[in-house]
Amino acid sequence: MATYKITHIATGKVVNLYSLNTTAPVNNGDRLLLYNWENNNDQKWVATGYGPYVLLHSARDTSKVINRHSVNNNAHVWYYDGTGNPDGSPTETDRDSVINTESNSNGSRIKLVYRNLYLTKNAGDNYLSWAEKIEGD
């Protein structure tokens, strides 16, 4: 199983699953933040196909994917079982988890396909959230 690290270009830090105990179960809603690379499974991600797009699973618990909190747009992980709607349309979990990348002159950004939101570092801390694209960025 290939794993990937996701590096924030401006800080050099990586997307990290926030956890005080790296051996405890991964919970739905565990937040994502930027942290120094320590080469552990809280910082590694497994990409799986979803049509032309991808889901990013936590290497520590592959049943959890990078997801959007439906109330405050925080970036966190959430359980994903892969079962869709009977008509083939995306579920709410799909809408908050299915991503694509978009390249620009500075590198690439991660976009929620069905929400048109981008994985973004919060201004006042190292936590991540989902936000609209800033024009010219």
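**Reading burial, contacts and a pocket**

Modeller: Lys64 is buried, with a relative accessible area of 9%, and since this is a predicted model, that value is computed from predicted coordinates.

Biologist: How should I read that percentage, and in which strand does Lys64 lie?

Modeller: A residue is called buried when its relative accessible area is under 20% and exposed when it is over 50%, so Lys64, at 9%, counts as buried. Lys64 belongs to strand E5, which covers residues 64-68.

Biologist: Which backbone atom lies 3.1 Å from a polar atom of the side chain of Lys64?

Modeller: A polar contact pairs N or O atoms within 3.5 Å, and here the partner is the backbone oxygen of Val26. Leaving out residues up to four places away in sequence, Lys64 also touches a set of residues that includes Asn27, Leu56, His57 and Trp78.

Biologist: Is Val65, which is also found in strand E5, buried or exposed?

Modeller: Val65 counts as buried, because its relative accessibility is 0%. Among the residues that Val65 touches, not counting those up to four places away in sequence, are Leu55, His76, Tyr80 and Ser97.

Biologist: What would the opposite case look like, and where is the place of Ser105?

Modeller: Ser105 sits in the loop between E7 and E8, and with 77% relative accessibility it counts as exposed. Its C-alpha atom is separated by 17 Å from that of Leu119, a residue 14 places apart from Ser105 along the chain.

Biologist: How many residues does the largest nonpolar core have, and which have the most contacts inside it?

Modeller: A nonpolar core joins buried nonpolar residues through side-chain atoms within 4.5 Å. The largest one here has 18 residues, and Val15, Leu32, Trp45 and Trp130 have the most contacts inside it. Strands E1, E2, E6, E8, E9 and E10 each supply at least two residues of this core. To follow one member, Leu32 is in contact with residues including Val15, Trp45, Ile66 and Leu128, when neighbours within four places in sequence are left aside.

Biologist: What volume does the largest pocket have, and which residues are the closest to its centre?

Modeller: The volume of the largest pocket is about 820 Å³, and of the 31 residues that line it, His8, Ser108, Arg109, Ile110 and Leu119 are the closest to its centre. That lining divides into 17 nonpolar, 8 polar and 6 charged residues. Several strands, including E3, E4 and E7, each supply at least two residues of the lining.

Key:
Residues numbered from 1 in each chain as written. Predicted model: local features only at pLDDT ≥ 70, side-chain atom pairs only at ≥ 80, totals over all residues. Heavy atoms only, no water. 1 Å grid on protein atoms, 1.4 Å probe; cavity = no way out; pocket = protein on both sides within 12 Å on 5 of 7 lines; lining within 4 Å. Points joined across faces, edges and corners; volume = space filled by probe spheres on them. Helix = DSSP H or I, 4+ residues; strand = E, 2+ residues; numbered from the N terminus. Nonpolar A, V, L, I, M, F, W, Y, C, P; charged D, E, K, R; others polar. Buried < 20%, exposed > 50% of the residue type's maximum accessible area, 1.4 Å probe, protein only. Polar contact = N/O pair within 3.5 Å; in protein donor to acceptor, adjacent residues only side chain to side chain. Contact = heavy atoms within 4.5 Å.
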